[in-house]
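Q: I have a model open in front of me and would like to learn how to read its features one at a time. Could we go through it together, starting from a single loop residue?

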Amino acid sequence: MYKMLLSWRYLRTRYIALASIISVTLGVATLIVVNSVMAGFTREMNDRLHGILSDIVFESGLDGFPDAEWHMEQIRHEIGDDIEGMTAVVHVPALIRMMVRGEYHTRQINLIGVDKATYAKVSHFGEYLQHPENRKQLSFLLRENGYAPEKKDFPPSGWEHRRLRSAFEEAFDQSSTPPPPVVQAAHTEPAAPASDAPPEDPYSKTGGDAEAVVFNPAKEQHPGIIIGIALCSVRARDDEGEVQDFYLCRPGDDVEVIFPTSGASMKAANSFFTVVDFYESQMSEYDSSFAFVPLERLQDLRGMIDPSTGVSKVSSIQIKLKPGADLNAARDKLRARFPQNLYPYRIDTWRDMQGPLLAAVRLETTILNILLFLIIAVAGFGILATFFMIVVEKTRDIGILKALGAPSTGVMSIFLSYGVSLGVVGSGVGMVLGLLFVWNINEIAGLLELVTGQEVFDPTVYYFQEIPVQINPFTIAWVTAGAVLIAVMASVLPAIRAARLHPVEALRYE
Amino acid sequence: MNSFFALATKRQRGSQPSSSPHAEFPHDQTAPDEAAGDVAVATECATPGSPRGATAIAGPAAVASTTQAITMQRAAAAEEPVELMAARGLSKSYWKGKHEVPVLHDVDFEVGTGEFVSIIGQSGSGKSTLLHVLGTLDAPDSGEIHFDGRRIDCLSTSRRDKIRNRQFGMVFQFYHLLPEVTTLENVLIPLMIAEGVFSYWRRKREFVERATQLLETVGLSHRLDHKPPELSGGEMQRAAIARSLIAQPRLLLADEPTGNLDRQNGEEVMEILRTLNAEQNLTIVMVTHDAGIAAQADRTVRLFEGRVQLA
């Protein structure tokens, strides 16, 4: 009883001891904030990386390998039970040119030919598109309107925009130069009758000798292309400081894409596409380099279809596994089926492919944790020193208690429970501070921005609208428990010293 | 002041000469052949872990609890009272570096039940050390201390702690109150030490009442919630006396209780001690350097350079 009474009184009357645990408090708060933010970033990154990549990627070089069907058959034979979806893909580095205010704007891209029926099933591709209908079922036909309903400043797009623009251009051309604007288009497509009508396959009647027809941009579109939103938009702050996107082109505009052909003599080929949607995964690396076109169209343009047999080449097969399936086991089975020395294929899981990035984040988190725990350990030595001071100061009280018959263990537990309470108070306050900070981190960032004038978290850099956080109860528990443990360990030595004091000498102490 | 002494020790010590261990330690009455204290001592010191020792220092509450014990006490009252505490051949020296500084030389000392003995000597004569050794705060280099017929100097630390807590009351020259807690809590500390947390809470009302009444009788009822630094020296010493009495001890050890007080406060404290001795038959051993104070005791033992000087 006297133990509780005295350690409580010492706690109440010794604010210096409270000061000594402020560093514990700050350490705990920082640890919680750092871990939550890092976990938030990792989660977002994992989500996005995984969303972009399917579970397992089966790929060869740019020229691709023939007969995707046979490979898929083999894959199904190996790991058929675990497969949820599979799709063949062609990817190739390319250049994209778009006309912005009368000037060509050229950028380097990763052109990906996807199968619109199956591609959305192996990744989160569909979710990242802007038109609600495309999210449900991917289509490379231009929609009438209704793009990006979530974005307030998204400009009018689709057929509406396309008709308006071509009418304007026509009027402009007629007023300036007499010759009629004729665009040579190898393949033209009829206008989609209405935005929601099921699009018919635009390629069924392509091939063969396409005669030169007059391409009417008000009614026809080129083959569709979906481009990464960062390729054609600039994120900046306007005069009021609000983050705003400025679009260089939008669904309905035409772009030109230049890419190498496949086969023995590689040449540059070019083709016009009509932007039909934007791709926004919020990973700036992908959003600023990916462009998606129909698979068959790209195979055709690159000469990847064998004219005699009709067998086409693909550059990779992406496989999505059922939830709970063992990723690495499936990969190892495929590697065993297609050994490296016989087949030129790289078979990796999405984790393998993003391994360096994920490992870097993990390493960063670990090092930060170690450093911050060292800070708490330093705080532990502060507590140790303060406690020794308090024990020296309380020497006479210890003598009194012993003279009154208090056992050494009782004296020791006064100081131990004092240490425990300090640790609990310190790390408890730290935990609350840390959690409050995490819950309000974006407001705090805004406030800091206001005070310092320095942008803390720049959404134009990170492509996150706000700082992502994830609170992990287990992390918080071990951080708090670790801090309490350090405080207790720091109080053990002084407590033992107090317990060992000789009562007579302690009573004589002035 | 008379009501105070009735409260201070509810046990009637006068009827408790306690010559036999049976009377004092009612739980320890099974063995018929252990009447001789020395036999008991031999076993205790040889085996400090034996459970008998634990019962030997059972708290005062246990003592008065059984009617059997009371009957035994009455039976024992007829016998001739022996010493409550006796010390034989105590020697103690301190080491200053390599030099041995002898403090006590072969000191024999005894105090009978209900006796008020003062130990007088100049500073450095070893009187405080003697009191500390008697109070088990310090261990003698050689010699034996018997309390109530049992040897206590060789008991384990935890049992000596319990004896100090329940059988001895101590008053010091510098009061030695805990500065962080109130007067009332200071008085309650020995009970907090004696009782576990739960039993203390269960009996808290009773304890607080006892402490309040003790403080009232030493004239500190208006100071219950004051902390020691707010009290005068005389008030602190009276609070310290109240604390020494709260656990109803059988022996009061006072180390220069008036040494730090002015004449009037010193007189008040001596008055309290004398009344305690006279009306409660409380055994008191008091150390002082003041012959005038010492003369107020029943008997005076003079220490000179660590030896007892005969009259």
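**Reading the model feature by feature**

A: Let us start with Thr136(B), which is placed in the loop between H7 and E4 of chain B; please keep in mind throughout that this is a predicted model.

Q: What is the sign of phi at Thr136(B), and about how many degrees is it?

A: The general idea is that most residues other than glycine have a negative phi. Thr136(B) is not a glycine, and yet its phi is positive, at about 60 degrees; along the chain, Thr136(B) comes after H7(B).

Q: Is Thr136(B) buried or exposed?

A: The way to decide is to count the other C-beta atoms around a residue, since 20 or more within 10 Å make it buried. Thr136(B) has 24 other C-beta atoms within 10 Å and is therefore buried.

Q: Where in chain A is Asp67(A), and what is its phi?

A: Asp67(A) sits in the loop between strand E2 (65-66) and helix H4 (68-79) of chain A, and Asp67(A), which is not a glycine either, has a positive phi of about 60 degrees. Asp67(A) has 15 C-beta neighbours inside 10 Å and so counts as partly exposed.

Q: How many residues of H7 in chain B are buried, and which strands does H7(B) lie across?

A: For a helix, one can apply the burial count residue by residue and then ask what the helix lies against. Helix H7 of chain B, residues 127-134, is mostly covered, with eight of its eight residues buried; among them are Lys127(B), His132(B) and Leu134(B). H7(B) lies across E1, E2 and E4 of chain B, and runs at about 120 degrees to E1(B).

Q: In what order are the strands of that open sheet in chain B, and which are the edge strands?

A: A sheet is read by following the pairing from strand to strand. Here four strands of chain B form an open sheet in the order E2-E1-E4-E5, with antiparallel pairing. Strand E2 (99-112) and strand E5 (150-151) of chain B are the edge strands, each pairing on one side only. Within the sheet, strand E1 (residues 83-96) and strand E4 (residues 142-147) of chain B run antiparallel and are joined by five bridges, and Arg88(B) has Glu144(B) as its bridge partner in E4(B).

Q: How many bridges pair E3 with E4 in chain A, and in which sense?

A: In chain A, strand E3 (residues 83-100) and strand E4 (residues 103-114) pair over twelve bridges in the antiparallel sense, and the bridge partner of Ile96(A) in E4(A) is Arg107(A). These two strands, E3(A) and E4(A), form a hairpin that has two residues between them, and Arg101(A) in the turn has a positive phi of about 50 degrees. E4(A) is also joined by five bridges to strand E12 (residues 290-294) of chain A, and here the strands run parallel; Gly113(A) has Val293(A) as its bridge partner in E12(A).

Q: Why does Leu177(B) count as buried, and which residues is Leu177(B) in contact with?

A: Leu177(B) counts as buried because it has 26 C-beta neighbours inside 10 Å. The residue is found in the loop between strand E6 (168-171) and H9 of chain B. Leaving aside neighbours within four places in sequence, Leu177(B) is in contact with Asn186(B), Pro228(B), Met236(B), Ala239(B) and Ala240(B). The C-alpha atoms of Leu177(B) and Val187(B), ten residues apart along the chain, are separated by 8.8 Å.

Q: How many residues of H12(B) are buried, and what should the helix span?

A: Twelve of the 13 residues of H12(B) are buried, so to read it as mostly covered is fair; Met236(B), Ala239(B) and Ala240(B) are among the buried ones. At 1.5 Å a residue, the 13 residues of helix H12 (residues 233-245) of chain B should span 18 Å, and the end C-alpha atoms are 19 Å apart, which agrees.

Q: How many residues of each chain are in contact across the two chains, and which helices of chain B take part?

A: The size of an interface is often given as the accessible area lost when the parts come together, but one can also list contacts. In this model, 21 residues of chain B are in contact with 18 residues of chain A. The elements giving two or more residues to the side of chain B that touches chain A are helix H8 (157-166), helix H9 (183-194) and helix H10 (197-202) of chain B. By class, that side of chain B has ten nonpolar, four polar and seven charged residues.

Key: Residues are numbered from 1 along each chain as its sequence is written. Chains are lettered from A and ligands numbered from 1 in the order in which they are written. This is a predicted model: local features need pLDDT of at least 70, side-chain atom pairs count only at pLDDT 80 or more; totals for chains, interfaces and linings use all residues. Two residues are in contact if their C-beta atoms, placed from the backbone, lie within 7 Å. Ala, Val, Leu, Ile, Met, Phe, Trp, Tyr, Cys and Pro count as nonpolar, Asp, Glu, Lys and Arg as charged, and the others, Gly among them, as polar. Two strands pair if DSSP finds at least two bridges between them. Axes are lines fitted to C-alpha atoms, for helices over the stretch in contact, and angles run from 0 to 180 degrees between N-to-C directions. The expected span of a helix is 1.5 Å times one less than its number of residues.
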